[in-house]
Amino acid sequence: MSGICLENKPRKGLRAWWDGWRGATGEHPWEKSVTGEQQPVRRSLGEGGSQPTCPAASPAGMASKCALGHLPFLALLATVAISRFVVLFLSQTHVHSDEAIIGLMGKHIMEGRYFPLYMYGQPYNACAAWEAYLAAIVFALFGVGVVQLKSCIVVLSLVWFILFYRLASLLYGQKIAWWSSLVLALLPSLFKWNFQVRGYSFYFYAIPLLTALFFSIESAAVCRLRKFFIFGLLCGLSVWGLELILTLVAAFWILLAVRRKLSLQALSAGFGGFAVGYLPAILYNLTHHLENWRWVFLDKTSTPSPVFHLLTVARIFLAELPKFFGPDTVLWYYPDVPLIGLMFYAIAVAAVIAILIPLLKAPVKIANTLGRNALQNDEHRDFLVFILALACFIPYATAAVRVPSYFLGACFFLSLLIGRLLCRGLDSASRSSRAWAIVLLLMILAGGVTVQVQTARQNQIETLTLNPSSKLMMTRISGADLDAVERHLTQNHIDAAWATVSFIYPLIFETGEKLAVSGEIFGYHQHVYPSAVARRVPDPASCEVFVLESDSPFMPFVKARCAGIGGGPPLVTRCGTLTIVEAQSPK
């Protein structure tokens, strides 16, 4: 008999909770059988039921202990949900350019004006269109607005948080799953992405779902072709949604091949499923001169980063990754290195070293991991999770312009490894190991909570701007400054304005498309609206209002133009980091 027999004797109070948390519901997917040999406990994503098989256990007792086992996670989920909605209402009341474009897409879908396959202005990132369709439903129910738009992402973030916990519990058991989920909830790199409308929420949704299906297939002695088809289907949908996931999908299939899980029939079923899921992208390319494939595989990767150069490696691991593990990962990196980023970078490195040391001491374990069932012991699972994290690192390391979002997928796998490190340290018989685990836990709690409190207190958008040398850099624009600009334009009945590139679409979306805004006068001629969607633009002959950053290098040009058009010096209204410049009416 494999598995553990659950006792019929009822537990009460703390003992019942502890049993449900540690062992009775299957803290680990592998347990000792009555013969003393290690045997698999069947789980819902493997072969068989979701609980250990035991004839002595009553269904009511198993259900009761299962519910008790999930109580800690349900409490964590409630806390995470409350905190995210509090942050949403306090500090997420404005959008940057990408979010505004997706919001406008949702508005156009709701109005029946256009039904996009990809994000406006680019032949890729179908996930952005999916977010727009979801936003259209919310807009139809609650009206068009920033909070309504971002609430879609918050709800999706809770869904993939639940999926992550399910994945972690299937791999390591509920206890480690809880610790890993806590790490994921507090990880600074991902926190602001719980509110970012940029097409990544479905990408985050796909990672734990695909990973769970992968481990389900490779842990099964015999796997049905239907499961390979479904796995291929979800892989195809995921790659169509956001091509960034391609390296992770490739890693899944390569591992299945290396581990001899792919027969010719299974490969055919998986390829058929992938073709079905990726069919919309195939049809789009065939009808649009291969635009999507040219953009993704040629334009975006035509000048890859010299990743094997010593200076590039040093820049990535010594300068960029400490910033990546900080809270400012929305678009590009800021010049400064945050202390919290250094702290979480050190924790992630410690987790990786902890799983590599046993493998380096006995390299034969690496070959064994690639040749045996991954769920046979913790080292096998850890190493495969590490490989999947490396797969997420490839797009980041090889990109011509490395932006934080290219590496975000690795946060899921690093959270698993950090959770494993914490749990192993806290359960250790060594006092020093327990002490170090407590220190790591306090660092995670202090850093994560600090980031969330700071985010809740700072109502702002993070976007690109030109510095005085006319080079792009990251900047923060206060929500109060944006409110002041929109209030000034409304009170003075201004219906058209010129704006620098970062504020064109935010002003259009947040004013409900009542304001005609363009950046052509500053040399920005790209229109992201499809030709089938009408867009109001300012009249160059009559529009004399400019919205730009207070320290913009365009400021002298704008003031000189307004002085030449009007009957005197321009009217300058400073709104913090933004400035409105208007030409006086000629007398």
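Which residue stands opposite V572 in β9? Keep that in mind as you click through this model, which is a predicted one.

**Stop 1: the hairpin.** Select β8 (571–575) and β9 (578–582). These two strands pair in the antiparallel sense, over 5 bridges. Now show V572 and look across to β9: V581 stands opposite, and there's your answer. Next, follow the chain through the turn. β8 and β9 form a hairpin with 2 residues between them. Pick out G576 in that turn, where phi is positive, at about 70 degrees.

**Stop 2: the whole sheet.** Add the other strands, and you have an open sheet of 5 strands, in the order β6-β5-β7-β9-β8, with mixed pairing. Color β6 (516–518) and β8 to see the edges: each has a single partner strand, so one side of each is left without a neighbour in the sheet. Turn the view to look along the sheet and you can follow the twist, which averages 25 degrees from one strand to the next.

**Stop 3: a parallel pair.** Stay with the sheet and select residues 496–499, which are β5, plus residues 545–549, which are β7. These strands run parallel and are joined by 2 bridges. Show W498 and then its bridge partner in β7, F546. As background, strands of a sheet pair through backbone hydrogen bonds, either parallel or antiparallel.

**Stop 4: the helices on the sheet.** Select residues 479–491 to bring up helix α19, which packs on the sheet and touches β7, β8 and β9. The direction of α19 makes about 20 degrees with that of β9. Then select residues 555–565 for helix α21, which lies across β7, β8 and β9. Compare the direction of α21 with that of β7: the angle is about 165 degrees.

**Stop 5: an aromatic pair.** Leave the sheet and show the aromatic rings; the structure holds 35 aromatic pairs. One of them is Y124 with W295, a stacked pair at 5.9 Å centre to centre, with 20 degrees between the planes. Y124 lies in the loop between α3 (97–110) and α4 (126–142), while W295 is in helix α12 (residues 291–299), so the pair ties together parts that are 171 residues apart in sequence.

**Stop 6: the cavity.** How many cavities of 30 Å³ or more does a search of the whole structure find? Just 1, with a volume of about 50 Å³. To frame this cavity, select K323, D328, Y333, Y334, D336 and P338, which line it. By class, that lining has 3 nonpolar and 3 charged residues, and no polar ones.

Conventions:
Residues numbered from 1 in each chain as written. Predicted model: local features only at pLDDT ≥ 70, side-chain atom pairs only at ≥ 80, totals over all residues. Heavy atoms only, no water. Pairing = 2+ DSSP bridges. Helix = DSSP H or I, 4+ residues; strand = E, 2+ residues; numbered from the N terminus. Axes fitted to C-alpha atoms, helices over the stretch in contact; angles between N-to-C directions. Contact = heavy atoms within 4.5 Å. 1 Å grid on protein atoms, 1.4 Å probe; cavity = no way out; pocket = protein on both sides within 12 Å on 5 of 7 lines; lining within 4 Å. Points joined across faces, edges and corners; volume = space filled by probe spheres on them. Nonpolar A, V, L, I, M, F, W, Y, C, P; charged D, E, K, R; others polar. Phe/Tyr/Trp six-rings, centres within 6.5 Å; stacked < 30°, edge-to-face > 60°.
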